[in-house]
Amino acid sequence: MFMSAVVRNLLDKDTFSKSDPMCVLYTQGIETKQWREFGRTEVIDNTLNPDFVRKFILDYFFEEKQNLRFDLYDVDSKSPDLSKHPSECNDFLGQMFCTLGEIVGSPASRLEKPLGGIPGKKCGTIILSAEELGNCRDSATMQFCANKLDKKDFFGKSDPFMVFYRSNEDGTFTICHKTEVVKNTLNPVWQSFTIPVRALCNGDYDRTIKVEVYDWDRDGSHDFIGEFTTSYRELARGQSQFNVYEVVNPKKKMKKKKYVNSGTVTLLSFSVESEFTFLDYIKGGTQINFTVAIDFTASNGNPSQSTSLHYMNPYQMNAYAMALKAVGEIIQDYDSDKMFPALGFGAKLPPDGRVSHEFPLNGNIENPYCNGIEGILEAYHQSLKTVQLYGPTNFAPVVNHVARYAAAVQDGSQYFVLLIITDGVISDMSQTKEAIVNGAKLPMSIIIVGVGQAEFDAMVELDGDDIRISSRGKLAERDIVQFVPFRDYMDRTGNHVLSMARLAKDVLAEIPDQFISYMKSRGIKPNPAPPPYTPPGHTHHTQI
């Protein structure tokens, strides 16, 4: 994505004129936490309100916390030496820290924040706008048939299929689609198929597309019938005399003088549709609501003992707190009010000791919302002091709790993510499966992090990556569950920052696709993003 910067009311460091500002972007390594210079804007002469033209182009990953730092300098020398650190010969005008997710998750993907870094001084405001690179998001749907293909089988007709290749810059070809095999015919009609335009031609409409036609053989030694070439631009003309192709076998053509072709392939239909991305919806205002549910069953061990998974070590977070913080810190960027419902399950509650499987961590049934990730952690610590760990381990109540909220807003304006952190063995498997199958129809996803050393076979089944989950003979319409065992991410060197970044990356990586699959299945298009922001006092400044 590309990002542009606008600054207002900068400090004036020049005596006889206004500052000559430049903005420098730094990114932070996940492992080392060191800041590295990523890029610089141009220098704009003599202004305190620069609109920088040069944009930063960054890779965006929803599942990573991408820390950014913007430093502003007043450039004094006419030829800034780019190899030197910008602070060596220039005056520092202020800085701002944020994450890329914060910018993307702001209304219209536009974040406005004050510059700081100079004690006691107002350093002005920086306005950052992020936009996705429009590198061809169309998908093409097409259907082909063939006529009078060569007969390749001794006893029957051919069993034809086609293979599509896109050409690369260096003249080589990469396979991008294979049709199904149509058995025993020389005049096959293949099923229509959909393919991203990017995969077909890398966004270059005139690039050669090569198509090979084969006769399928059971032993894998498919017989070559012939080939033809086309391009996206030609295919896009749709059904016409231009889209009837002669299938030619070059060897046969060289050998036989009277050889004409090995049959023809005809394009029957062609249509193109723009695919919406996760960012289109976020930019259009869709909010992601984050709910957390924590396992308070007795199998976690007595919280006052150091062997317990809920043990509060004053020097180090326990696995529950670490998993919550790792996932929550990323998702919170996409929720404007930063108020998150936090629930517990499997405990006896005061005063009467009744067992609950969906109690608010903050003790307030009317308002289970906690302020930010820190608020959830605080409520979690308080709960451990007041409730009694008990059992059994029932997931269905918290899944249904979030499903009730998701069922109330199915217009695409909100999407719900439930994080369940558990020590394992689930007691209500059939009810949970039913809750997940029902939830798959709703705008929601479920992340399960398993802590401790238990066997998590049941969780793998809920994940549904290999076999789609079903209940009472009904298959889940989407895969909405992602499970990971926390122990797989424990860094042997004790580098928790890195291990938690890896955990978050793996559990969140599927969310954008799950989100898109819901929107697509319901035919929901993103709202148009608000018009680009034009800051007040917008004038063009000369660049050097």
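These legends describe close-up views of a predicted model.

**View 1. Helices α6 and α11 cross each other.**
Helix α6 covers residues 319–331, and helix α11 covers residues 496–508. Their axes come within 9 Å. They cross at roughly 60°. The two helices are therefore oblique to each other. The crossing of α6 past α11 is right-handed.

**View 2. Side by side, α6 and α11 make contact through mostly nonpolar residues.**
On α6, look for Met-322, Ala-323, Ala-326, Val-327, Ile-330 and Ile-331. On α11, the contact residues are His-496, Met-500, Leu-503, Ala-504, Val-507 and Leu-508. How many of the contact residues are nonpolar, polar and charged? The contact has 11 nonpolar residues, 1 polar residue and no charged residue.

**View 3. Four strands form an open sheet.**
Read across the sheet, and the order is β4-β1-β8-β7. The pairing is antiparallel. Which strands lie at the edges? They are β4, residues 56–57, and β7, residues 110–114. Each edge strand pairs on one side only. Strand β1 spans residues 2–8. Two strands, β1 and β4, pair in the antiparallel sense over 2 bridges. Find Phe-2, and opposite it in β4 stands Ile-57. A general point helps when looking at strands: in a regular strand, side chains alternate between the two faces of the sheet.

**View 4. Strand β18 pairs with β17 and is mostly covered.**
Strand β17 runs over residues 287–295. It is joined to β18 by 4 bridges. These two strands run parallel. In this pair, Ala-293 has Leu-343 of β18 as its bridge partner. Strand β18 takes in residues 339–345. Of its 7 residues, 6 are buried.

**View 5. Helix α9 has buried residues under a cover of several elements.**
Helix α9 spans residues 429–439. Which of its residues are buried? They are Met-429, Thr-432, Lys-433, Ala-435, Ile-436, Val-437 and Gly-439. What covers these buried residues? The cover includes two helices, α8 (396–408) and α10 (457–463). It also includes the strands β25 (444–450), β26 (470–471), β27 (474–475) and β28 (481–485).

**View 6. Two cis peptide bonds precede prolines in loops.**
One cis bond runs from Pro-350 to Pro-351. Its omega is near 0°. Pro-351 sits in the loop between β19 (347–349) and β20 (354–356). Another cis bond joins Gly-391 and Pro-392. Here omega is about -5°. Where is Pro-392? The loop between β23 (388–389) and α8 holds Pro-392.

**View 7. Lys-148 has a positive phi.**
Phi of Lys-148 is near 50°. This is a positive value in a residue other than glycine. Lys-148 belongs to the loop between β9 (138–147) and β10 (160–167). Is Lys-148 buried or exposed? Lys-148 has a relative accessible area of 67%, so it counts as exposed.

**View 8. Asn-184 has a positive phi as well.**
Phi of Asn-184 is near 55°. Asn-184, too, is a residue other than glycine. Look for Asn-184 in the loop between β11 (173–178) and β12 (193–196). Its relative accessibility is 47%, so Asn-184 counts as partly exposed.

Note on methods
Residues numbered from 1 in each chain as written. Predicted model: local features only at pLDDT ≥ 70, side-chain atom pairs only at ≥ 80, totals over all residues. Heavy atoms only, no water. Axes fitted to C-alpha atoms, helices over the stretch in contact; angles between N-to-C directions. Parallel < 35°, antiparallel > 145°, perpendicular 65-115°, else oblique. Left-handed = near helix turned anticlockwise from the far one by under 90°. Contact = heavy atoms within 4.5 Å. Nonpolar A, V, L, I, M, F, W, Y, C, P; charged D, E, K, R; others polar. Pairing = 2+ DSSP bridges. Buried < 20%, exposed > 50% of the residue type's maximum accessible area, 1.4 Å probe, protein only.
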